[in-house]
Amino acid sequence: MVAEEAAAGAESGAEAEYWRAVGRAGLPRPRLNVTLAVVGRRYRADALWEQWGLIAEIDGREYHDGPDRFERDRVRQNDLHGAGFVVVRFPAGQVQSDPEGVAEVTRRALLARGWRG
């Protein structure tokens, strides 16, 4: 299964677990680690459902901690919202400890964005 997750684009254990959780829940699989150009900036989405304008971010402390990163994350999220995307955020620890709950939040977000399951 590791090769399948890597081929899908997972770059961390939490991203791989998220991808597995989404699949186990019967949800459409996202594209992982996709670069988007928004308002002249390039952003990478951890998980993207372009058809439904949904992005899921898996936030580990090593990449999202600290005042500079905190502010950049907010600017990025606002730019993505302004471009029509909804961003749901999950701490990496939650993805690993409660994958079913994370998948349920994702399911509700997809339904709110027009997915018809």
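This report covers the fold, the surface and the nonpolar cores of one protein chain.

The model is predicted, so local features need pLDDT of at least 70 and side-chain atom pairs pLDDT 80 or more, while totals for chains, interfaces and linings use all residues. Residues are numbered from 1 along each chain as its sequence is written, and side-chain values use heavy atoms, without hydrogens or water.

**Fold.** The chain has six helices and four strands. Along the sequence they run α-α-β-β-β-α-α-β-α-α. Helices (H or I, at least four residues) and strands (E, at least two) are DSSP runs, numbered from the N terminus.

**Whole-chain values.** Three terms apply here. Buried means under 20% relative accessible area, with a 1.4 Å probe and protein chains only. Contact means heavy atoms within 4.5 Å. Accessible areas come from the Shrake-Rupley method with a 1.4 Å probe.

| Property of the protein chain | Value |
|---|---|
| Buried share of the 117 residues | 44% |
| Share of contacts with a separation of 6 or more that join residues 24 or more positions apart | 53% |
| Exposed area | about 6,500 Å² |
| Carbon and sulfur share of the exposed area | 49% |

**Cores.** A nonpolar core is a set of buried Ala, Val, Leu, Ile, Met, Phe, Trp, Tyr and Cys residues joined through side-chain atoms within 4.5 Å. The largest one holds 20 residues. Tyr18, Trp49, Ala56, Ile58, Phe90 and Leu110 touch the most other members. Elements giving two or more residues include α2 (13–24), β2 (41–49) and α6 (99–112). The largest share, four residues, comes from α2.

Trp49 also touches residues beyond its neighbours within four places in sequence, among them Tyr18, Pro28, Ala56 and Leu110. Another core, of 10 residues, lies apart from the largest; Leu36, Val38, Tyr43 and Val87 are among its members.

Notes: Buried < 20%, exposed > 50% of the residue type's maximum accessible area, 1.4 Å probe, protein only.
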